[in-house]
Amino acid sequence: MLTSCFDSGEEKQKKEENKQTFNLTTLYLIRESGNCIKTNTSLSSNNQFCSRRPLGVCNVNQLIVTQSEVNVIINDARIIQTRTTDCQESILQSGVLSLKATTTANIDTFKSQYTFRVAESCELEGFQVNNGTRFANFTEILWLESVRGKIAKAAKLIVANGFLPQANRDRANSCLNLEFKDWEKDLAQGNNENKILVEIVHP
């Protein structure tokens, strides 16, 4: 039996799909590579900030909140409030319910005030963390800036505030224990204590 020299239609399709998968994977890896340096041009010194945000999000959009994002944020907060009533004070303290969409004027200001560039790593650009501290990775940044992250951070601050009534601190502690996983509580605590940093300023 002779083997055909030509690929069948099915084999050609499979090769094309593999090629597309490879291209998409490569594109994804490129978008997920690098660290982001944000420069605040309105400051004359200490104006460069580096984070683990990769190439794909190293632009002014990281400063902008759309109305649809605000709607999702408020909805997510209400879901948590309904599910865990002890989180109500932490939700209010987090500021997520008072978040507003970025105005066109603010977007124009951001575009003129900030520039962004991708670096291979923050460390190679001279950004160094102190002993006992570290950069938050991109996944951790996304969580810290999410509704859950903001609420957990607020709850941790309430629990740690000795000037507040014990009942308030107990409710915040209950919120943390009922709503959040251990890794979420640890990440919120680490960020509040400036041990896990979203970004650092160039020395």
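This is a short tour of the disulfides and a few helices in the model above.

**Before you start**

The model is predicted, so local features need pLDDT of at least 70 and side-chain atom pairs count only at pLDDT 80 or more, while totals for chains, interfaces and linings use all residues. Residues are numbered from 1 along each chain as its sequence is written, and side-chain values use heavy atoms, with hydrogens and water left out. Helices (H or I, at least four residues) and strands (E, at least two) are DSSP runs, numbered from the N terminus.

**Stop 1: the cysteines**

Show the cysteine side chains as sticks. How many disulfides does the structure hold? There are three, a disulfide being a pair of cysteine sulfur atoms within 2.5 Å. Counting bonded cysteines along the chain, the pattern is 1-3, 2-5, 4-6.

Select cysteine 36 and cysteine 58 to begin. Their sulfurs are joined at an S to S distance of 2.1 Å, and the link is right-handed, with 80 degrees about the S-S bond. Cysteine 36 sits in strand 1 (residues 35-40) and cysteine 58 in the loop between strand 2 (48-51) and helix 2, so this pair ties together parts that are 22 residues apart in sequence. Now switch on a surface: cysteine 36 counts as buried at 2% relative accessibility, and cysteine 58 is buried with a relative accessible area of 10%. Here buried means under 20% relative accessible area, exposed over 50%, and partly exposed in between (1.4 Å probe, protein chains only).

Next, pick cysteine 50 and cysteine 122, another disulfide with S to S 2.1 Å. Is this one left-handed or right-handed? The torsion about its S-S bond is about -85 degrees, so the disulfide of cysteine 50 and cysteine 122 is left-handed. Follow the backbone from each end: cysteine 50 lies in strand 2 and cysteine 122 in the loop between strand 3 (114-119) and strand 4 (134-135), so the bond ties together parts 72 residues apart in sequence. Both cysteine 50 and cysteine 122 are buried.

Now go to cysteine 87 and cysteine 175, whose sulfur atoms are 2.0 Å apart. Their link is right-handed, with 95 degrees about the S-S bond. It connects distant parts of the chain, 88 residues apart: cysteine 87 is in the loop between helix 2 and helix 3 (88-94), and cysteine 175 is in helix 7. Cysteine 87 is buried, at a relative accessible area of 0%, and cysteine 175 is buried at 0% too.

**Stop 2: helix 2 against helix 6**

Select residues 67-83 (helix 2) and 147-160 (helix 6), whose axes come within 9 Å and cross at roughly 50 degrees. Axes are lines fitted to C-alpha atoms, for helices over the stretch in contact, with angles from 0 to 180 degrees between N-to-C directions. Now show side chains: Ile73, Asp76, Ala77, Ile80 and Arg83 of helix 2 meet Val147, Arg148 and Ile151 of helix 6, where contact means heavy atoms within 4.5 Å.

**Stop 3: helix 8**

Finish with residues 182-192, helix 8, and look for its buried residues: Glu184, Lys185, Leu187, Ala188, Gly190 and Asn191. Add helix 5 (138-144), helix 6, helix 7 (166-179) and strand 5 (196-197) to the view, as these are what the buried residues of helix 8 pack against. Just after helix 8, click on asparagine 194, where phi is positive, near 60 degrees.
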